[in-house]
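Colleague: I would like to learn how to read side-chain features in a model like this one. Could you walk me through some cases?

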Amino acid sequence: MIHYLNVIRSQLQLIPFLCLACLPCSLLGTELELAPCQIAQAGKARVSVVVSKQASERTQTAAKDLAHYLTKISNAPFSVETGNGLQGLTVGLVSDFPEQRAVNQSEWSNPQIKEREKYLIRSHADGVYLLGMTELAVEHAVWDFLYRVGYRQYFPGPHWEVIPRQNHLKVNINVTESPDYQNRMIWYGYGPWDYAKAPYQRWCARNRATSGMVLKTGHSYGGFIRSNQAAFDTHPEFYALVKGSRKISPYAKLCTSNLQVQELIEQSALRYFEENEDADSISLDPSDGGGWCECEACQKMGSISDRALFLANRVADAVNKPQSDGKMRQKYVGMYAYAYHSPPPTGKVHPNVIISVATGFLRGGYTLDEIITGWSTQGAKIGIREYYSVYPWDNDLPGKARGSNIEYLKRTLPKFHKQGAQYLTAESSDNWGPNGLGYFLASRMMWNLDEIQQTDKLTDEFLKLCFGKAKSHMAEFYRQLDGSHSHLVVSDQYGRMFRALAAAKQLAKSPEVHVRLDDLTLYCRYVDLYEQYRQAKGEPRQKAFEQMIRHAYRMRESMLVHSKAVYRDAVNRDKSVSIPENARWTVPEAKNAWKESTPFSKSELQDFLKAGIAAYPLTELDFKPVTFSEDLVPVNSLNLAEVKPGILSSGRGTQTFHTYVSTPSTPVELQITGGLIAHYRDRGNVKIEVWKIGGASQTGDRETFITKDQSVPPDGKPRTVRLAIQEPGMYRITVSDGGDRTSVQWKQNRTMVMRSSLEQPIATSGRWSLYFYVPEGTKRIGLHGGGTGSILDPEGQEQFTLQNRKAGFYSLPVPAGSDGKLWKVNHASGAIRLLTVPPYFARNAKELLLPREVIEADRD
């Protein structure tokens with residue numbers, strides 16, 4: 001967080017003269033007179049970069065980096081000299097320069113953990129101070145200063161480095177900075193391959209995506225077992241008792257109640273800090289998965305969260321006791337709230353235990369917000385364990401990962417911080433093609449949450465600086481990568497990406513822009529090859545798979561696809577393909593049949609663009625979507641013909657229903673069956689909420705919360721739930737589970753519909769058959785869907801089939817006399833979105849609700 005002690009934040013642009021208003025020097029309590037500083041003029045350096053005689057090697061490297069890039073920016077030779085800091089670009093710790101006049105020495109000595117990244121940048125007539133609390137903070141100051149004069153390292157590697165050219169360089173800066181999130185990590189789940197490690201580390205440093213405190217939270221029980229292997233070998237009772245026997249494994253759970261185990265863990269932690277005096281933390285997070293001890297003593301300790309926390313608390317207490325010399329240590333214990341130990345505990349959390357709440361794999365039926373609140377209530381310091389990209393989930397495809405969803409980043413980062421989170425670790429991938437812009441923006445926002453208001457500006461600047469005259473076409477390209485938007489038709493999405501690149505190549509002027517476009521072309525080629533592989537079957541699938549792997553490896557140094565994850569993991573997710581022994585990802589290139597590092601030729605790159613444009617035609621709608629109001633009313637006045645009741649399948653996640661209540665004395669009765677997937681029955685009870693739509697509201701909101709019910713356990717048995725309603729009117733009912741699938745049935749002829757629009761598709765799991773209404777005068781039924789199912793007209797005749805169609809936009813004509821009636825989606829799977837007719841499905845005519853304007857028009 002910025003400490004506004006005489007601070008004005010810089011809003012500098014890439015312009016010749018960079019100016020900020022200054023505060024009166026009297027407010028600083030020092031003799032420093034703030035003033036602009038001329039750094040370079042007409043190709044000559046007006047000041048030198050200055051370090052102290054006692055500057056560390058790390059600080060000297062930071063100073064050399066500053067001199068190097070200022071030379072490139074201004075075309076003026078900058079040197080690094082030693083001095084007292086009264087003149088020049090002064091780089092170092094405050095304590096390095098006892099004569100400096102920027103700040104009080106005593107206020108910048110002996111930094112606490114939270115202050116390790118604090119730095120200042122202050123200009124005066126004779127130079128600029130770039131001073132930090134620590135060597136890391138000094139590095140932050142250098143790279144922030146360079147950022148303010150226009151330097152950018154958007155993605156790892158030299159292709160994504162932007163170095164401005166300014167013959168005249170004058171600055172007027174007065175800022176003091178420290179981060180909003182104390183710990184910030186965007187890291188690769190599969191780790192960097194050899195070529196990627198150094199560029200990744202440079203990107204982190206240049207974007208202040210490193211942290212002053214190292215918080216360890218990874219699964220640790222296996223490490224404790226290995227470091228005490230002899231003890232575990234002679235004491236099998238140290239392992240968890242599972243189904244009557246001790247589960248002996250390198251990554252097993254522990255018998256937490258065993259006093260010897262507790263002592264062993266405590267001593268191991270003490271030994272770790274003795275051997276690693278500079279370490280800030282140690283992890284006490286359990287090993288992954290299940291297998292918790294079932295012995296009577298462990299079960300008496302409480303919930304799984306209680307047991308995991310017991311060990312963490314004990315270690316935190318032990319490592320923070322006074323030392324033999326009387327000194328106090330400030331050490332932390334990190335642990336996730338994840339999987340079996342994600343529910344909040346019943347006991348208090350030690351002040352030095354930090355709980356990083358996972359945003360996935362939660363158990364016990366708690367929402368993420370409930371878990372954060374629950375752990376906070378027990379005194380936990382909160383961190384967040386995020387998933388910005390995981391290869392098995394998103395396969396490095398555009399718009400699929402959280403890291404590409406700019407709106408998600410803008411929404412969650414301030415929300416987590418407001419909930420008390422000070423630490424954020426995000427599992428990600430070396431896939432800067434689909435997610436690079438998101439990673440960059442996340443690094444800016446994690447340092448300073450105010451940057452959330454600047455994301456459009458930052459994005460526009462990225463497009464301008466990286467693509468120049470091709471900016472407008474690349475804006476379209478990055479719209480297709482942004483997971484904030486729905487990309488319902490793969491062909492249209494990929495087609496627009498290829499076309500944007502081809503158009504950008506025509507406009508690009510500088511070699512730097514062409515190199516970036518070429519790299520993105522390689523990324524699009526990977527996307528194309530993955531789609532070919534995904535669609536192929538039999539022998540062609542193996543060939544397509546090999547082609548994809550070969551390409552991912554060959555383009556690896558672009559770092560736009562996480563080639564290591566593709567090569568190593570994709571084969572494990574698909575048993576229909578294989579990699580020969582001599583082509584495994586661990587076999588070096590000289591001996592590997594699939595590895596090749598030949599640079600891509602210009603003709604290959606051109607062919608990739610041409611092939612992509614030909615393979616992915618753009619979607620052209622032959623209908624115009626129609627917007628309907630959400631003012632729903634019963635359809636009695638339309639006198640619709642009776643039909644055979646439709647079938648509603650179960651759903652996973654959240655199912656949403658709209659119902660009209662005319663007689664509030666009669667409860668809304670639902671039959672709910674939770675836990676239809678037995679493997680996931682530890683996700684908690686089904687959650688039912690009721691909201692009234694419209695009418696008076698204390699808050700002025702359109703919807704008012706009425707009641708909720710969580711009485712249905714996930715056991716696969718039907719339960720009847722009665723929801724008391726006090727007033728007539730329209731209501732929204734949501735039924736949510738933890739992904740274990742739930743069936744919702746209601747009494748015959750109760751008015752109840754499920755919405756399925758472009759933005760809010762119907763949530764179903766399994767085959768379903770429901771009716772929708774085609775208003776009078778409708779010429780074409782426009783929809784989005786695919787997979788299976790058919791569309792039946794009012795006579796029950798099939799007018800359209802979705803069988804084996806890709807997800808896409810489709811339309812069918814409405815024959816004369818078939819409007820003003822019910823049509824049917826029959827035996828479908830997945831969502832079908834209705835785009836030219838009211839987007840509401842019902843089981844029959846008596847249960848249907850429609851927008852008021854539709855009924856009024858067709859009734860007349």
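Modeller: Gladly! Let us begin with burial: W193 has a relative accessibility of 13%, so this residue counts as buried, the cut-off being under 20%. Keep in mind that this is a predicted model.

Colleague: Noted. Which ring pairs with W193, and why is the pair called edge-to-face?

Modeller: The partner is Y567: the ring centres are 6.3 Å apart and the planes stand at 90 degrees, which is over the 60 degrees needed, so the pair is edge-to-face. Y567 is buried too, because its relative accessibility is 1%.

Colleague: Where do W193 and Y567 sit along the chain?

Modeller: In distant parts of it, 374 residues apart. W193 belongs to the loop between β13 (183-188) and α3 (197-206), while Y567 lies in helix α18 (residues 563-569).

Colleague: How many aromatic pairs does the whole structure hold?

Modeller: The search finds 44 of them. There is also an aromatic cluster whose members include Y154, F155, W160 and W203. Also among them are W432, Y439, F440, F462, F467, F477 and Y478.

Colleague: Let us turn to charges. What is the general idea behind a salt bridge?

Modeller: Side chains of opposite charge can pair when their charged atoms come close. In this structure the count comes to 41 salt bridges.

Colleague: What is the N to O distance between D317 and K321?

Modeller: For that salt bridge it is 4.0 Å. Now look at the surroundings: D317 has a relative accessible area of 38%, so it is partly exposed. K321, at 43%, is partly exposed as well.

Colleague: And E451 with R444: are these residues buried or exposed?

Modeller: E451 counts as buried because its relative accessibility is 11%, and R444 counts as buried at 9%. In their salt bridge, the closest N and O atoms are 2.9 Å apart.

Colleague: Which residue forms a salt bridge with E847?

Modeller: That is R843, with 3.0 Å between the closest N and O atoms. Both residues of this pair are buried. Salt bridges can also link up into a network, as with D144, R148, E177 and R208.

Colleague: What about charges of one sign? Where do E274, E275, E277 and D278 gather?

Modeller: On the surface, where these four form a patch of negative charge. Take E275 as the example: its relative accessibility is 61%, so it counts as exposed. The residue belongs to helix α6, which spans residues 259-275.

Colleague: Is I265, in that helix, buried or exposed?

Modeller: I265 is found in helix α6, and it is buried because its relative accessible area is 1%. So this helix carries both the exposed E275 and the buried I265.

Colleague: One last topic, then: separation along the chain and separation in space. How far apart in space are Q671 and Q745?

Modeller: Their C-alpha atoms are 5.1 Å apart, although 74 residues separate them in sequence. Q671 is in strand β23 (residues 668-673), and its relative accessible area of 40% is why it is described as partly exposed.

Colleague: What is the separation between the C-alpha atoms of I265 and D306?

Modeller: Those atoms are separated by 17 Å, with the two positions 41 residues apart along the chain. Try reading each pair both ways when you look at the model.

Technical notes: Residues are numbered from 1 along each chain as its sequence is written. This is a predicted model: local features need pLDDT of at least 70, side-chain atom pairs count only at pLDDT 80 or more; totals for chains, interfaces and linings use all residues. Side-chain values use heavy atoms; hydrogens and water are left out. Patches are made of residues with over 30% relative accessible area and no salt bridge: like charges are joined within 9 Å, nonpolar side chains (Val, Leu, Ile, Met, Phe, Trp, Tyr) within 5 Å. Accessible areas come from the Shrake-Rupley method with a 1.4 Å probe; for residues, only the protein chains shown count as cover. A salt bridge is a side-chain nitrogen of Lys or Arg within 4 Å of a carboxyl oxygen of Asp or Glu. Lys and Arg count as positive and Asp and Glu as negative; His and the chain ends are not counted. The place of a charge is taken as NZ of Lys, CZ of Arg, CG of Asp or CD of Glu. Helices (H or I, at least four residues) and strands (E, at least two) are DSSP runs, numbered from the N terminus. Buried means under 20% relative accessible area, exposed over 50%, partly exposed in between (1.4 Å probe, protein chains only). Rings of Phe, Tyr and Trp (its six-membered ring) pair if their centres lie within 6.5 Å; planes under 30 degrees apart count as stacked, over 60 as edge-to-face and the rest as tilted.
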